[in-house]
Structure formats: structure tokens, C-alpha cells
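I opened this notebook to keep a record of what I looked up in one structure, entry by entry. The sequence and the model come first, and my notes follow.

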Amino acid sequence: LRSLVGSEMCIRDRSTGPRSTAFIFVCALIIALCSKTYAQPIEVFLIPHSHCDAGWLVTYEQYYQMFVHNTLNGITEELSNDPSLRFNWAETLWFYMWWNEQNSTQKAKFKKLVDQKQIEFVGGGWVMNDEIIGLYSQ
């Protein structure tokens with residue numbers, strides 16, 4: 001859980017600060033409540049993934065520099081150090097920007113992670129669609 005559960009939150013804070021600690025606490029609480037509700041044990045799957053909002057609060061260039069750049073660097077490093085870890089990346093806009101900045105060594109490292117199925121691209125969109133927005137009207 002240390003590195004990749006809520007990795008974007010951890011890297012944004014540049015620590016395992018209160019936001020990531022709260023996330024892990026909420027997950028533990030859900031597991032505890034469910035285990036008391038059901039007679040049989042339940043399986044809980046935590047799927048580490050990206051969710052980067054283009055143009056939310058700041059421009060997409062600022063968001064990339066403030067959050068995404070470090071997230072992709074951190075994910076690449078952590079996954080390279082531990083082959084048991086996995087991560088799903090959704091936003092090709094941010095990956096495109098990050099990829100164009102990488103040298104051949106970093107690109108080879110990332111390609112290896114994809115080949116080993118430690119990194120998977122999901123969604124296929126320039127940005128991830130927000131499922132919470134059900135209706136848009138002016």
C-alpha cells in the first residue's frame with residue numbers, strides 16, 4: 001500500500017501525508033465494516049490508477065508541472081524497483097507530454113514496465129472522462 005495506493009496523492013504531497021493516510025484508513029474501515037456484515041470473507045481489490053484533470057483549477061501545463069510529471073517519474077521508479085506492483089494510466093495527454101521529455105534510458109525503462117504488464121493504459125482518451133458528471137446544461 002505504501003507506494004501506489006493513492007500514489008498521486010502521496011506524490012502531490014511529496015510525502016505519505018494526511019491525505020494518503022486518510023485514504024488508507026478509509027479502505028481499512030470499509031474492509032472492517034464489510035467483514036462484520038458478511039459471514040464469508042470478502043475480497044477487496046485496490047486498483048492503483050491515474051486521474052488527472054486537464055484544466056481543473058490551473059492550466060493543463062501547470063497541472064502537468066505541479067503533479068503529473070512527478071507522478072509518472074515516481075511510478076516508473078517504484079515499479080522498476082518492485083516487479084510485483086502494477087499501475088493503470090488513463091490520460092494520454094499527460095503521458096504524451098511526459099514521454100516527449102524522457103531520454104532513451106527512461107523510455108526503455110518504461111517500455112519494459114509495459115512489456116512486463118506492470119503498467120497498463122486504460123480508457124484510451126486524451127483525458128479520463130469524469131463519471132460523476134451526469135448532466136451538462138448551460
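Is Thr76 buried or exposed, and what is its relative accessible area? I looked this up in what is a predicted model, and found that Thr76 is buried, since its relative accessible area is 0%. I placed Thr76 in helix H3, and then listed what it touches beyond four places in sequence, namely Trp98, Gln106, Lys109, Phe110 and Leu113.

**Overall layout and confidence**

I noted that the protein chain has five helices and two strands, which run α-α-α-β-α-α-β from the N terminus on. Of the 138 residues in the protein chain, 30% are buried, and among contacts with a separation of 6 or more, 71% join residues 24 or more positions apart.

I then checked how far the model can be trusted, and recorded a mean pLDDT of 76 for the protein chain, with 70% of the residues scoring at least 70. Confidence is lowest in helix H1 (residues 7-13), where the mean is 38, and highest in helix H5 (residues 104-115), where it is 97. Over residues 1-18 the pLDDT stays under 50, and I noted that the model has 38 contacts beyond four places in sequence for this stretch.

**Helix H5**

I turned next to H5 and compared its length with expectation: at 1.5 Å a residue its 12 residues should span 16 Å, and the end C-alpha atoms are indeed 16 Å apart, so the two agree. The buried residues of H5 include Gln106, Phe110 and Leu113. Looking down the axis of H5, I found its buried residues within an arc of 55 degrees, so they line one face of the helix. On the face turned away from that buried side, H5 carries the exposed residues Ser104, Thr105 and Asp115.

What covers the buried residues of H5 includes helix H3 (60-81), helix H4 (92-101) and strand E2 (119-121). At the N-terminal end of H5 I recorded a cap by Asn103, which has a side-chain oxygen 3.1 Å from the backbone nitrogen of Thr105. Just after H5, I noted that Lys117 takes a positive phi of about 65 degrees.

**Aromatic pairs**

I counted ring pairs with centres within 6.5 Å, and the count comes to 11 aromatic pairs. One of them joins Phe95 and Phe121, whose rings are 4.9 Å apart centre to centre with 70 degrees between the planes, an edge-to-face arrangement. Phe95 lies in helix H4 and Phe121 in strand E2, so this pair ties together parts that are 26 residues apart in sequence. I looked up the accessibility of both partners, and found Phe95 buried, at a relative accessible area of 15%, whereas Phe121 counts as partly exposed, at 36%.

How are the rings of Phe110 and Phe121 arranged? Their centres are 6.2 Å apart and their planes stand at 50 degrees, so I entered the pair as tilted. Since Phe110 lies in helix H5 and Phe121 in strand E2, this pair ties together parts that are 11 residues apart in sequence. Phe110 is buried, with a relative accessible area of 2%.

As a last entry, I noted that Phe95, Trp98, Trp99, Phe110 and Phe121 form one aromatic cluster, and that Trp98 and Phe110 are among the residues touched by Thr76.

Key
Residues numbered from 1 in each chain as written. Predicted model: local features only at pLDDT ≥ 70, side-chain atom pairs only at ≥ 80, totals over all residues. Heavy atoms only, no water. pLDDT = per-residue confidence, 0-100. Helix = DSSP H or I, 4+ residues; strand = E, 2+ residues; numbered from the N terminus. Contact = heavy atoms within 4.5 Å. Expected span 1.5 Å × (residues − 1). Buried < 20%, exposed > 50% of the residue type's maximum accessible area, 1.4 Å probe, protein only. Arc of directions from axis to C-beta. Polar contact = N/O pair within 3.5 Å; in protein donor to acceptor, adjacent residues only side chain to side chain. Phe/Tyr/Trp six-rings, centres within 6.5 Å; stacked < 30°, edge-to-face > 60°.
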